[in-house]
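User: I would like to go through this model by question and answer, with the cut-offs spelled out as we go. Please begin once the structure is shown.

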Amino acid sequence: MTRLHSTATWLRSSSAALALLVLAVVLLSPVRVIGDGPGTPVDPMPVAEAEDQPIGRAMTLLEVAVIAVVEGVTEFLPISSTGHILLVQRAMGIPQTDGADAFAVVIQAGAILAVIGLYYQRSRQMAVGLLGRDADGLRLLVNILLAFLPFALIALLLYDHIKDSFGLWESVWGWFVGGVVLLIVVWYRRGTGPHEGRSMDDLTWRMAIVIGAVQCAAMWPGTSRALAAILGGLLVGMSVRAAVEFSFLLGVVTLLAAAGYDAYAQGHSILAEYGVVHPLVGFALAALAAAAAVKWMVSYLERYSMAIFGYYRIAVALAVAALLLGGWMTE
């Protein structure tokens with residue numbers, strides 16, 4: 001607990017600390033997309049050479065570990081796991097193949113497991129409610145499914161278009177706009193404690209649908225599913241604590257659907273490119289990282305506002321934009 005307190009204090013004093021960590025990974029990675037200095041043009045792989053390369057390559061265990069930890073840490077924080085995974089993939093030179101993209105999604109199952117474990121009582125309550133033995137648990141489960149419904153419908157209609165729109169510039173705008181919106185919400189709610197507002201037990205089906213509709217904004221890369229769900233919860237009057245916890249539980253359903261779909265559609269590509277050991281290592285590390293991140297976030301928000309995440313998002317957006325404009329990184 002002492003370590004969590006000191007970590008929270010350190011992060012509060014420097015909102016760009018995490019951004020600098022990500023950028024360190026980017027700048028120190030021995031990859032083709034990084035230049036030698038300001039204004040250095042990117043040296044792309046010659047066409048003839050590119051044609052001789054395999055479509056994909058197996059990631060090393062170190063690369064798997066980095067991807068898994070970044071996924072676990074960022075999945076439930078309001079800073080966009082998609083944007084961070086894309087940034088790290090570019091930094092490490094991981095080819096954009098169906099297998100690589102699906103791998104990043106499938107290891108989300110580790111993050112899902114972490115939340116189910118941390119919120120075992122809530123998970124059990126919903127399971128018992130499904131069996132007709134807990135009315136409150138059943139109502140919570142129904143509300144989560146209703147909040148998931150708008151996201152699922154739009155994803156089914158626009159899946160291919162959404163996947164094709166992923167890029168670093170799109171993520172930059174998502175990070176920046178989301179950060180500004182979050183800071184505005186924090187300013188508007190200044191003086192309001194983390195427990196002031198409706199609890200999850202007060203949530204109605206109409207409120208759940210509103211949260212689900214707001215969560216659809218996360219389909220824009222860099223926006224963050226967690227951020228959209230939390231803002232949706234605050235919009236319907238939930239406390240910060242309740243909105244964050246609801247976003248965790250809603251994330252379990254949303255991520256389970258995404259991971260299940262990609263595992264079914266691209267499972268053969270994942271196994272062909274990475275085998276069995278790499279996905280298992282990624283799953284385990286993502287679970288551990290997600291558990292640590294979720295516990296830290298809940299502890300941090302008991303004492304401080306969500307402003308740090310807004311400042312962090314803006315810092316990352318500006319830093320990545322500088323890398324792209326300076327020619328240090330390609331889209």
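User: Which residue forms a salt bridge with arginine 241, the closest N and O atoms being 2.6 Å apart?

Analyst: This is a predicted model, in which local features need pLDDT of at least 70 and side-chain atom pairs count only at pLDDT 80 or more, while totals for chains, interfaces and linings use all residues. Residues are numbered from 1 along each chain as its sequence is written, and side-chain values use heavy atoms, with hydrogens and water left out. A salt bridge here is a side-chain nitrogen of Lys or Arg within 4 Å of a carboxyl oxygen of Asp or Glu. Arginine 241, with its closest N and O atoms 2.6 Å from those of its partner, pairs in this way with glutamate 245.

User: About how far along the helix are arginine 241 and glutamate 245 separated?

Analyst: Both residues belong to helix H13, where helices (H or I, at least four residues) and strands (E, at least two) are DSSP runs numbered from the N terminus. Because they are four residues apart, the separation is about one helical turn.

User: Is glutamate 245 buried or exposed?

Analyst: Buried means under 20% relative accessible area, exposed over 50%, and partly exposed in between, with a 1.4 Å probe and protein chains only. Arginine 241, at 27%, is partly exposed. Glutamate 245 has 13% relative accessibility, so it counts as buried.

User: Which residues are joined into one network by salt bridges that share partners?

Analyst: The side chains of glutamate 302 and arginine 241 also meet in a salt bridge, at 2.3 Å from N to O. Glutamate 302 lies in the loop between H14 and helix H15 (307-325) and arginine 241 in helix H13, so this pair ties together parts that are 61 residues apart in sequence. Salt bridges with shared partners thus link Arg241, Glu245 and Glu302.

User: How many salt bridges does a search of the whole structure find?

Analyst: Aspartate 136 and arginine 139 provide another example, their side chains meeting at 2.7 Å, N to O. These two are three residues apart in helix H9 (residues 135-164), and are therefore separated by about one helical turn. Searching the whole structure gives a total of four.

User: Which backbone oxygen does the side chain of threonine 254 reach?

Analyst: Threonine 254 is found in helix H13 (residues 240-274) and, at 5% relative accessibility, counts as buried. Leaving aside neighbours within four places in sequence, threonine 254 is in contact (heavy atoms within 4.5 Å) with Phe148, Phe151, Gln215 and Arg225. Its side chain reaches, at 3.0 Å, the backbone oxygen of leucine 250.

User: Which element gives the most residues to the largest nonpolar core?

Analyst: A nonpolar core is a set of buried Ala, Val, Leu, Ile, Met, Phe, Trp, Tyr and Cys residues joined through side-chain atoms within 4.5 Å. Of the 67 residues in the largest one, Met238, Phe246, Phe248, Met297 and Phe309 touch the most other members. The greatest contribution to this core, eleven residues, comes from H15.

User: How many residues are in the second, separate core?

Analyst: Among the members of this second core are Ile67, Ile85, Val88 and Ile270. The core is separate from the largest one, and its size is 17 residues.

Methods
Polar contact = N/O pair within 3.5 Å; in protein donor to acceptor, adjacent residues only side chain to side chain.
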